[in-house]
Every structure is written in structure tokens, then in C-alpha cells.
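Take a look at the model below. Then follow a short exchange about how its strands and helices are arranged.

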Amino acid sequence: MADGSPLVLVFGSVGSGTSTLLEQLRAHCKGVCQPGRSMRKMYPTMGVDISKVAFRGKSFRVVEVGGSMLSHAHRQIAVHGNDVRGVVFVVDSTAPQDLPVSVIELYNLMSHPTLRERATPFLVVYNKQDAPCKMPRPVLDQALGLDDIQEQADVAVEEVSAITGLNVQSVADWMFEKVSR
């Protein structure tokens with residue numbers, strides 16, 4: 001790895017909230033974020049954003065691939081290859097129309113040879129849990145086929161609100177426990 005810190009790839013469809021989640025995560029890890037306090041208006045990442053997140057004395061490189069670039073996810077894996085220690089896949093729990101694309105992209109990522117060979121851990125984040133029109137977790141689990149996936153790979157799931165900070169701590173904990181090994 002270029003600087004010795006573990007690398008996490010973050011993907012999600014357009015509007016899923018990857019940028020807001022990462023902003024909330026950075027604020028949380030700096031100790032300036034309080035769950036329940038809404039984040040400022042975020043703008044989606046166009047292209048690729050590379051940043052650092054520090055948590056419990058450990059630094060992580062985070063590569064966010066904007067939703068409009070999701071079809072180029074394999075290119076990012078090829079670029080970062082053996083440095084990838086974990087993948088966060090964000091799903092908009094209020095957008096049933098986006099689920100078919102999310103299913104295809106998640107399966108494509110999980111079947112990438114580099115990630116499979118390295119048994120790369122995945123965190124699937126069901127975002128927008130603060131919205132009244134969110135889909136229930138069992139519906140999302142079934143739509144993504146998570147029962148089958150979890151039998152074959154190291155996959156965790158978190159229900160999060162990137163806007164309010166709900167369960168952002170769980171995302172940071174996952175990064176620390178799974179990615180920093």
C-alpha cells in the first residue's frame with residue numbers, strides 16, 4: 001500500500017448517499033458529529049473521491065466511486081487491486097426502482113476475481129433509515145439475495161441514516177474490526 005493504511009472502496013447507486021455517509025463518517029471519527037444532528041446539504045461525487053478517515057488511532061484510505069461511475073467499479077478494483085481491504089456498498093432504502101441495478105452491481109463486485117481471492121469483507125449499508133418511506137430490512141435482504149450471499153462471503157449489513165448519523169458508529173466499527181487487520 002502506498003502509505004501503509006488500509007484501503008476501503010465505497011460504491012452506491014446515484015442518490016444512495018455515499019457522499020453524505022462519508023462526510024458523516026469523517027465528522028463522527030473526528031468527534032464533531034452527534035447522532036441526531038443533521039448534516040449540511042451534500043452534493044454527489046462526480047467521478048472518484050479519495051480521502052482519509054482516522055478512527056481509534058488507525059488511518060484508512062477511502063475511495064468513493066460516485067454513483068454515475070458505478071459501471072466503472074471494476075476499473076477502480078484493477079487500479080487499487082491488492083490494496084483493497086474492504087468494500088462498503090450503499091443502498092438507497094427508499095428507492096425500490098434502484099434495487100435491480102444494486103443487485104447486479106453488488107453481485108458484479110462480489111464476483112470480481114481479486115476481491116474473491118482475497119476474501120474481501122463487504123458491508124452493505126441500507127441508507128436513509130430516517131425516511132418514512134423506507135423499505136423494511138427483510139424486503140431489502142430478499143431483493144439483494146443476502147441470505148445466499150452471506151453463506152458464500154464475509155458480508156455484514158447495517159441500517160444507517162447518513163443524514164442523522166444513525167448507526168454511523170457501526171460503520172466505523174466495521175472498518176476498524178474488519179479492514180484494519
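The questions below go through the sheet, its pairings and the helices across it.

Trainee: What is the strand order in the open sheet of six strands?

Mentor: This is a predicted model. The sheet is open and its pairing is mixed. The order reads β2-β3-β1-β4-β5-β6.

Trainee: Which are the edge strands?

Mentor: An edge strand here pairs on one side only. Two strands fit: β2 (48–55) and β6 (155–159).

Trainee: How many bridges join strand β1 to strand β4?

Mentor: β1 covers residues 7–12 and β4 covers residues 84–92. One bridge pairs Gly-12 with Val-90 in β4. The two strands run parallel, and the bridges between them number six.

Trainee: In what sense do β2 and β3 pair?

Mentor: β2 and β3 form a hairpin with two residues between them. In its turn, Arg-56 has a positive phi of about 50°. Across the pair, Lys-52 has Arg-61 in β3 as its bridge partner. Eight bridges link the two strands, and the sense is antiparallel.

Trainee: By how many degrees are neighbouring strands of this sheet turned against each other on average?

Mentor: The sheet runs in the order β2-β3-β1-β4-β5-β6. With direction ignored, its neighbouring strands are turned on average by 25°.

Trainee: Which helix lies across β1, β2, β3, β4, β5 and β6?

Mentor: Helix α5 (residues 137–144) lies across β4, β5 (122–127) and β6, at about 135° to β5. The other candidate spans residues 168–179 and runs at about 155° to β4. It lies across β1, β2, β3 (58–65), β4, β5 and β6, and it is helix α7.

How values were computed: Residues are numbered from 1 along each chain as its sequence is written. This is a predicted model: local features need pLDDT of at least 70, side-chain atom pairs count only at pLDDT 80 or more; totals for chains, interfaces and linings use all residues. Side-chain values use heavy atoms; hydrogens and water are left out. Two strands pair if DSSP finds at least two bridges between them. Helices (H or I, at least four residues) and strands (E, at least two) are DSSP runs, numbered from the N terminus. Axes are lines fitted to C-alpha atoms, for helices over the stretch in contact, and angles run from 0 to 180 degrees between N-to-C directions. Contact means heavy atoms within 4.5 Å.
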